[in-house]
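Hello,

Here is the structure I promised to pass on to you. Have a look at it first, and then read on for my notes.

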Amino acid sequence: MNEPLDIARENERLESATPEERLAFAVKVWGSKLLFTSSFGAGSGVLLHLWSTVAPHLPVVFGDTGFLFDETLAYRDLLVRQLGLRVEVARPPVARDDFLWEHGADIQARNPDLCCAQNKVGPLKPYIANALGWVSGLRRDQSTTRAHVPILLPTEGGPVKVHPLATLTSADVQAYMERHGIPEHPLKARRYLSIGCWPCTRPVADGEDERAGRWAGSSKTECGLHTFLKIKES
């Protein structure tokens, strides 16, 4: 497209579109400049499956922080084989043991923002800086902080964030997974409904939102990957 993207108009149109149509739109607009990052966590299978059908020629960028559950790495390998995904792994420049030696074994409890910034957000920033569009699996029903996330979200000097699954519910996600025979993350059966690094993730109790198990007991609700860019005012 040569003319500037009318975000408001496209958001209105895409609101009633299917997740596949939203993703296909993003691929058409940004092509190889469209970035997709995935944590291979609970529920990630939906967007990974859509990606494998709509954009199989483009890679999935996976941030390996060094603190992920073994089950997450095994789940990644399983979906890569089943869906035929191309995966690029982004790792922090400082290995886990060296990072803990420098900052202390309790760094996640004392300063989780520092840990996320160095081990998750930092390694992905070069990919984000080179992208015009950035796909992620954020959904409105995941937490109150994501309740109003739009399909397309422009950022200041950064890529337009694309949320194909924004309107889906957890029930929609489960139905899609079952319909397409996509295996679920093995920890979900133990009520890990949002899965990040093992030091900062716990199971979710009945009645809690999906992300209640992330950084439990602190005011932190996001790793920073989806908040470090400034949202462009309309």
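**The second largest cavity**

By class, nine nonpolar, five polar and two charged residues make up the lining of the second largest cavity. Please keep in mind throughout that this is a predicted model. The structure holds two cavities of 30 Å³ or more, and the second largest has a volume of about 140 Å³. Of the 16 residues that line this second largest cavity, Cys115, Cys116, Cys197, Cys200 and Trp215 are the closest to its centre. Helix H7 (residues 112–129) gives the largest share of that lining, with five residues. If you wonder how such spaces are found, rolling a probe the size of a water molecule over the atoms shows where empty space is left.

While you are looking at H7, you could also pick out Ala117, which is found in that helix. Ala117 counts as partly exposed because its relative accessibility is 40%, a value between the 20% and 50% cut-offs. Along the sequence, Ala117 and Pro92 are 25 residues apart, and their C-alpha atoms are 9.8 Å apart in space.

**The two sides of helix H8**

Which residues of helix H8 are buried? In this helix, residues 170–179, they are Val173, Tyr176 and Met177. These three lie on the same side of H8, because they cover an arc of only 100 degrees around the axis. Turn to the other side of H8 and you will find Ala171, Glu178 and Arg179, which are exposed.

What covers the buried residues of H8? The cover includes helix H3 (44–54) and helix H4 (70–83). A good residue to click on here is Val46, which is found in helix H3. Leaving aside neighbours within four places in sequence, Val46 is in contact with Leu165, Val173, Tyr176 and Met177. Val173, Tyr176 and Met177 are the buried residues of H8 just named, so this is a handy place to see H3 as part of the cover over H8, with the arc of 100 degrees putting the three on the same side. Val46 is itself buried, with a relative accessible area of 0%. Leu35 is eleven residues from Val46 in sequence, and the two are 17 Å apart in space, C-alpha to C-alpha.

After H8 comes Gly181, with a positive phi near 65 degrees.

**Two positive phi angles outside glycine**

Phe40 is not a glycine, yet its phi is positive, at about 50 degrees. You will find Phe40 in the loop between E1 and H3. Is Phe40 buried or exposed? Phe40 counts as buried, because its relative accessibility is 0%.

Arg191 also has a positive phi, of about 65 degrees, although it is not a glycine. Arg191 is found in the segment after H8. With a relative accessible area of 33%, Arg191 is partly exposed.

**The sheet**

There is an open sheet of four strands, in the order E1-E4-E6-E5 and with mixed pairing. Its edge strands, each pairing on one side only, are strand E1 (34–36) and strand E5 (152–153). In general, strands of a sheet pair through backbone hydrogen bonds, either parallel or antiparallel. E5 and strand E6 (residues 160–162) take the antiparallel sense, over two bridges. To find the place on screen, look for Leu152, which stands opposite Val162 in E6.

**Two more residues to look at**

Pro56 has its place in the loop between H3 and strand E2 (60–63). At 42% relative accessibility, Pro56 counts as partly exposed. Apart from neighbours within four places in sequence, its contacts are Trp51 and Arg86. Pro56 and Leu85 are 29 residues apart along the chain, and 6.8 Å separates their C-alpha atoms.

Ala109 lies in helix H6 (residues 107–110). Ala109 counts as exposed because its relative accessibility is 69%, which is over the 50% cut-off. Between Ala109 and Phe99 there are 14 Å in space, C-alpha to C-alpha, and the two are ten residues apart in sequence.

Happy browsing, and best wishes

Conventions:
Residues numbered from 1 in each chain as written. Predicted model: local features only at pLDDT ≥ 70, side-chain atom pairs only at ≥ 80, totals over all residues. Heavy atoms only, no water. Pairing = 2+ DSSP bridges. 1 Å grid on protein atoms, 1.4 Å probe; cavity = no way out; pocket = protein on both sides within 12 Å on 5 of 7 lines; lining within 4 Å. Points joined across faces, edges and corners; volume = space filled by probe spheres on them. Nonpolar A, V, L, I, M, F, W, Y, C, P; charged D, E, K, R; others polar. Buried < 20%, exposed > 50% of the residue type's maximum accessible area, 1.4 Å probe, protein only. Arc of directions from axis to C-beta. Contact = heavy atoms within 4.5 Å.
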